[in-house]
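Reader: I would like to go through the labels attached to this protein and ask, for each one, what value stands behind it. Could you set each value against its cut-off before you conclude?

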Amino acid sequence: MSTQNRFGSSCYKHCFAFYGRVSTEDNQDPESSYNWQLTLAEGLIRPVEGQIVESFFDVGDSRSIPWPRRTEASRLLTALRNPNRGFNDVVIGEPHRAFYGNQYGLTIPVFAHFGVRLWVPEVGGPIDPDNEAHDLVMSVFGGMSKGERTRVKVRVRSSMATQVQMQGRYLGGRPPYGYTLKDLGPHPNPQKAADGKRLHGLTPDPQTAPIVQRIFRDFLNGNGIFAIAEALTGEGILCPSAYDRARNSHRDGRAWAKSAVRVILTNARYTGREVWNKQRTDEVLVDVDDVALGHMPVMRWNPREKWITSQEIAHEPLVTDDVFNAARDLLGSRARKPAAHKPHRTRHPYVFKSILYHSTCNRRMQGQHSHGVAYYRCRYPAEYALANRVDHPKNAILREDLVTGHIDRWLASAFDPLHRDQTIRLLAQQLATPEEAALPKQQPARNPGAEFDKKIASYKKALDEGASPAVVTAWIAEAEQQRDQALAAHPPAARTQAVEAMTVDDIASLVAELGDIAGALAEAEPEHKLDLYRLLRLKLTYNDETQTVRAIVDLGAHRWDLVRVRGGT
């Protein structure tokens, strides 16, 4: 939400900032929600001839997210620190949407510290932090907001479980390979049907359904998953990502992967039954030592006994129950059966994790420790049935410590006394993008990689809890690739508003605060060094033929993160 002045440039007796929030999870209209919340706020301050001179409106952020982690609420808290902020007080239109749980108790001290009053319609004016009744009212609203969210979540999950188990309802999402969607008529909900929404179900895809049946048949006849992948690739049969390029443009699509064959062999939906609740979303503390940071969603796999399976056949099966169970049992018997896996207490840090690529396939190289030394390997041919389509070494390997020192010295040289001024001028030129006028109802600029960062965090958690390293590693690599593409595709215009304040002096001050970069890099812990590399958008490409590493820092794509560093993120 951009800064706006609805009444002109001059104030009446009081200048206010407005804060509101709308969630898009339940299909709310951000424009309508903004307008009615703003109307309530204006009605509250009208008797004192108040004027709203700036608006902060979060779109899409859940109410459970604390203020410091919401885009616009965080910007408002930062504005409180500015003595020339242009407003004296803050007014909100709906406390249910602004505060959740104990968020009011964590936020109001900040307002009181900077002498800014918070106006709430339910109180009839400004909140008095020393008034016990006001604290009680706002605490009740926070509790009601939390309870409402919990009730909605329980109702939705119970309804979805019933629809799958009793009705075999297809609840949406991408149809599995071998199926496509068919129209089943108007949506059973009259209101959704009136909006034109339709009910859909799964039906066999004439082109890919026989491939699924062949995979089960070949596997039960004694062929391994890699042999199956090699045969399909060699015959020119498109893999799932190549068959549906519209939704898989971020993937290679040149060959069948072992993981793709394994996913097909373990998907119970090929028996004609709908399956739901394979995964759940848990809310875990962002920092156990700082509860005020709130929770973050983490995707975790549910045990098989908690999966919801339809009682009756919901769509045409591609394999029988006997065939599916036989394939699943055979796949389990072929797997290694070591002692029960325990979560790793410590993991090896890799300073080039997710930023080191192999020149031949342009895929990320995977970290591996051997005898206490960190290496990076590219095993593309071992995971994908390339069928001689790519001239790729069987196992490219690079030792980490042979590269780290050179990279650190190169980065530090950009800010040494000889090159510092030139680097600062370059940064200033790249940050000198004029601010564009934004509409008051626009969704605020968001980090396009945030969604994939959440996925990666959930995958790492699953790995710690005992999930298959091979499977989870593939998930992480895919999510990281999607994140990089989302960041690259994010239009610069969405970032221009945030970088307005970065001047040559600002950058010079930031560089001065960093101090001896070379020394800091040499003494930094590996995980902290990785954070710096990612912050600089460092990309390394290893060529095993020439035994060289090409390093690139994309300062242009780094504008948004520079501002975040300056703001203390």
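Author: What follows is a series of questions about a predicted model, each answered by setting a value against a criterion.

Reader: What makes the pair of Y34 and F57 edge-to-face?

Author: The ring centres of Y34 and F57 are 5.0 Å apart and their planes make an angle of 80°; since a pair requires centres within 6.5 Å and edge-to-face requires planes over 60 degrees apart, both conditions are met. Y34 belongs to helix α1 (residues 30-45) and F57 to strand β2 (residues 50-59), so this pair ties together parts that are 23 residues apart in sequence. Y34 and F57 are both buried.

Reader: Why do F99 and Y104 get that label as well, and are they buried or exposed?

Author: For F99 and Y104 the centre-to-centre distance is 5.7 Å and the angle between the planes is 85°, which the limits of 6.5 Å and 60 degrees place among the edge-to-face pairs. As for burial, which means under 20% relative accessible area, F99 has 1% and therefore counts as buried, and Y104, at 4%, counts as buried too. F99 and Y104 also belong to one aromatic cluster with Y19, W67 and F111, and the structure holds 15 aromatic pairs.

Reader: How do you know that K278 lies over the face of W307, and which ring does K539 lie over?

Author: K278 is placed 5.0 Å from the ring centre of W307 and lies over its face, and K539 lies over the face of Y357 at 4.7 Å from the ring centre. The criterion asks for NZ of Lys within 6 Å of the ring centre, and also within 35 degrees of the ring normal; the distances of 5.0 Å for K278 and 4.7 Å for K539 satisfy the distance part.

Reader: What makes the phi values of N277 and Q547 worth a remark?

Author: Most residues other than glycine have a negative phi. N277, which is not a glycine, has a positive phi of about 75°, and Q547, likewise a residue other than glycine, has a positive phi near 55°. N277 sits in the loop between β8 (275-276) and β9 (279-285), while Q547 sits in the loop between β16 (538-543) and β17 (548-553).

Reader: Why is N277 called buried and Q547 exposed?

Author: The relative accessible area of N277 is 11%, and because buried means under 20%, N277 falls in that class. Q547 has 57% relative accessibility, and since exposed means over 50%, Q547 belongs there.

Reader: How do you know that D89 is buried, and which residues does D89 touch?

Author: D89, in strand β3 (residues 89-92), has a relative accessible area of 4% and is therefore buried, the limit being 20%. Leaving aside residues up to four places away in sequence, D89 touches C15, F16, A17, V116, R117 and W119.

Reader: What is the make-up of the lining of the second largest pocket, by class?

Author: The second largest pocket holds about 260 Å³ of space. It is lined by 13 residues, and the closest to its centre are S64, Y100, N102, G294 and H295. By class, the lining has 5 nonpolar, 6 polar and 2 charged residues; among the residues closest to the centre, Y100 counts as nonpolar because Tyr is placed in that class, and G294 counts as polar because Gly is placed there.

Note on methods:
Residues are numbered from 1 along each chain as its sequence is written. This is a predicted model: local features need pLDDT of at least 70, side-chain atom pairs count only at pLDDT 80 or more; totals for chains, interfaces and linings use all residues. Side-chain values use heavy atoms; hydrogens and water are left out. On a 1 Å grid over the protein atoms alone, a cavity is a set of points where a 1.4 Å probe fits but cannot get out, and a pocket is an open set with protein on both sides within 12 Å along at least five of seven lines; lining residues have an atom within 4 Å of a point. Grid points are joined across faces, edges and corners, and a volume is the space filled by probe spheres set on the points. Rings of Phe, Tyr and Trp (its six-membered ring) pair if their centres lie within 6.5 Å; planes under 30 degrees apart count as stacked, over 60 as edge-to-face and the rest as tilted. Helices (H or I, at least four residues) and strands (E, at least two) are DSSP runs, numbered from the N terminus. Buried means under 20% relative accessible area, exposed over 50%, partly exposed in between (1.4 Å probe, protein chains only). Contact means heavy atoms within 4.5 Å.
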